[in-house]
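Grab a coffee and open the viewer. Below are a few short exercises, each with a worked solution.

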Amino acid sequence: MTGGEEITTEVLVVGAGPTGLMLAVTLARLGVDAVVIDGKPGPTRESRALVVQARSLEVYDQLGLIEPVLAEGASAIALVPGAGARPFGRFDLRLAGRDVSEFNDVFVLEQSKNERILADALDVDGRPPLWQHRLVDLRPAAGTSMDAATGVVATLDGPDGEVRVRARYCVGADGAHSAVRKAMGVAFSGVTNEHTFFVADATGTTGLVPESINVRVAEDDILLGFTMGGPGRDRLLGVVRDRDLEPDGTLPEQLVRDRMRDHFGVEYRERTWFATYRLHHRVADRFRVGPCFVAGDAAHIHSPVGGQGMNTGLQDAHNLACAIADVVLGGMPDSRLDRYEAERRPVARTLVETTDRLFAAVTSESRTARLVRGRLAPIVGPVAIRLLPLLIGRRRLFGYVSQTRIRYRMSPPDARVAPADPAVGLRLPWVGDNHVALRAFSWQVHGYGASAALVERIARDLGVEHHVFAPDPHGRLRADRVYIVRRDGFVAAAASADPDRRGVPLAFVEQLAG
């Protein structure tokens, strides 16, 4: 960009990590003008975040990017827990997810590759990120506060000088130290974990079950191993006690290698990345202030348990982009954007609270925790891994990990015409071919065994497209219901398929606005 230039756009996206790039790509697919900026020179080079869950793969499929994603990554087909050097069970992810999603395993695609795929998609669309452009000032376009603003004016520091951007909306996807969040005046509430953790991308690894997520515990230690594709190529994570650190706070890598060998029988030949970090559990007090929003790490940070972090950010971006399109292109009221915070902040809070409790439990140095890890886990673990799927359900367990069970609270239905339905608020249950229709990124009416004429009439009255499918063999989508599905693939409402209930279209319209 030329110094002194001024740009006008609908959406300014600050931060070109996975969240910001996903937001920009989704807006581009929807036809909303956006500019994405980042102070770094290009996509991240380090692997960093690693796992892409089933729900995120469904989003990539909707964007038409699933082929390069699948070509670049690798599948983890099982969860393998163990104590010390001995695995004591196996949870088959593909078996658990076979009726839930087309993508029924845990997929490994490091952050750097996600960023490159998304950045390449923006290049193809003719909307490349503005690399080496750093946000230095953000203020309301009119008015004295962000709450009352109708737009923003941003000042960027670029390689050729200052650039000014005027935007209707601004989204901060600029990480834990978000400049956008600070400009919004929003607190980042939470805690910092007492422990330090290490992460290593290793090659020539031995002692782990291949093509799997390995979880090992010992009396005073824990190790997570994620396959990164190819034999002996793994991501290793573990806890570091303060007594292990050098006086300057650094961690000797050899000490980590010795502990992994002695406690878990795991060794590696070389590593391409080794780092330590402190763990934070924080959620922004607000996700929206007037025309400004936060998403991804700017909105929430937490532990790497379950490989949820990058996925939550990708889905923040997808949700928000679709909401912005409803307002900018669909003519919905600005209040439609309030649903972003109402829907995504509870997801972040639940995730942070869950991972905080889990990591606190597995890293505790209490006598009870050490007893459980060192003495009880080898005895109880083999039984627990067999009973847990039976007690909770394989599909339910897969749903939690894959983020396909996320439910949003939708507007209360009118009981006369829109009876309560368990599918409302969920991402559209997958029945084999119905997610193909979602690639249109449009509001749709779906019927699963309902009268085709009725489905078509309701869609015509609402001015949206319609699709008729065979009955759902699992009964999650009922033949006596008609469903309306949002751009992002979530079920917004359900209504009786009884053709005598003339109020059905009106009920749907009311819930669309809600």
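Before we start, one cut-off: a residue is buried under 20% relative accessible area, exposed over 50%, and partly exposed in between. Keep in mind, too, that this is a predicted model.

**Exercise 1. Work out how far the model's confidence carries.**

Step 1: look at the chain as a whole. Its mean pLDDT is 88, with 94% of the residues at 70 or more.

Step 2: find the extremes among the elements. Strand β19 (residues 292-294) has the highest mean pLDDT, 98, while helix α13 (residues 504-513) has the lowest, 48.

Step 3: check the weak stretch. Over residues 502-507 pLDDT stays under 50, and the model has 9 contacts there beyond four places in sequence.

**Exercise 2. Check the length of helix α1 and decide how enclosed the helix is.**

Step 1: do the length check. Helix α1 covers residues 18-30, so its 13 residues at 1.5 Å each should span 18 Å; the end C-alpha atoms are 18 Å apart, which agrees.

Step 2: count the buried residues. That gives 12 of the 13, so α1 is largely enclosed by the rest of the structure. Among them are Pro18, Gly20, Met22, Val25 and Leu30.

Step 3: ask what does the enclosing. The buried residues of α1 pack against three helices and three strands you can click through: α2 (54-62), α5 (111-124) and α8 (309-328), plus β1 (6-14), β2 (34-38) and β12 (161-172).

Step 4: see what comes after the helix. Gly31 follows α1, and its phi is positive, near 90 degrees.

**Exercise 3. Classify both partners of the Arg29 salt bridge.**

Step 1: find the partner. Arg29 meets Asp125 side chain to side chain, at 2.6 Å from N to O.

Step 2: place the two. Arg29 sits in helix α1 and Asp125 in the loop between α5 and β9 (130-131), so to speak a link between distant parts of the chain, 96 residues apart.

Step 3: apply the cut-off. Arg29 has 31% relative accessibility, so it counts as partly exposed. Asp125, at 32%, counts as partly exposed as well.

**Exercise 4. Is each partner of the Arg233 salt bridge buried or partly exposed?**

Step 1: identify the pair. Arg233 bridges to Glu110, with the closest N and O atoms 3.4 Å apart.

Step 2: locate both ends. Arg233 is in the loop between β15 (221-227) and β16 (234-240), and Glu110 is in the loop between β8 (106-108) and α5; the two are 123 residues apart and link distant parts of the chain.

Step 3: classify. Arg233 comes out at 28% relative accessibility, so it is partly exposed. Glu110 has a relative accessible area of 6%, so it is buried.

**Exercise 5. Trace a salt bridge between two helices, then a wider network.**

Step 1: take Asp316 and Arg344, whose closest N and O atoms are 2.7 Å apart in a salt bridge. Asp316 lies in helix α8 and Arg344 in helix α9 (residues 338-363), so the pair ties together parts 28 residues apart in sequence. Both Asp316 and Arg344 are buried.

Step 2: now go wider. Shared partners join Glu72, Glu110, Lys113, Arg116 and Arg233 into one salt-bridge network. The whole structure holds 34 salt bridges.

Notes:
Residues numbered from 1 in each chain as written. Predicted model: local features only at pLDDT ≥ 70, side-chain atom pairs only at ≥ 80, totals over all residues. Heavy atoms only, no water. Helix = DSSP H or I, 4+ residues; strand = E, 2+ residues; numbered from the N terminus. Expected span 1.5 Å × (residues − 1). Buried < 20%, exposed > 50% of the residue type's maximum accessible area, 1.4 Å probe, protein only. Contact = heavy atoms within 4.5 Å. pLDDT = per-residue confidence, 0-100. Salt bridge = Lys/Arg side-chain N within 4 Å of Asp/Glu carboxyl O.
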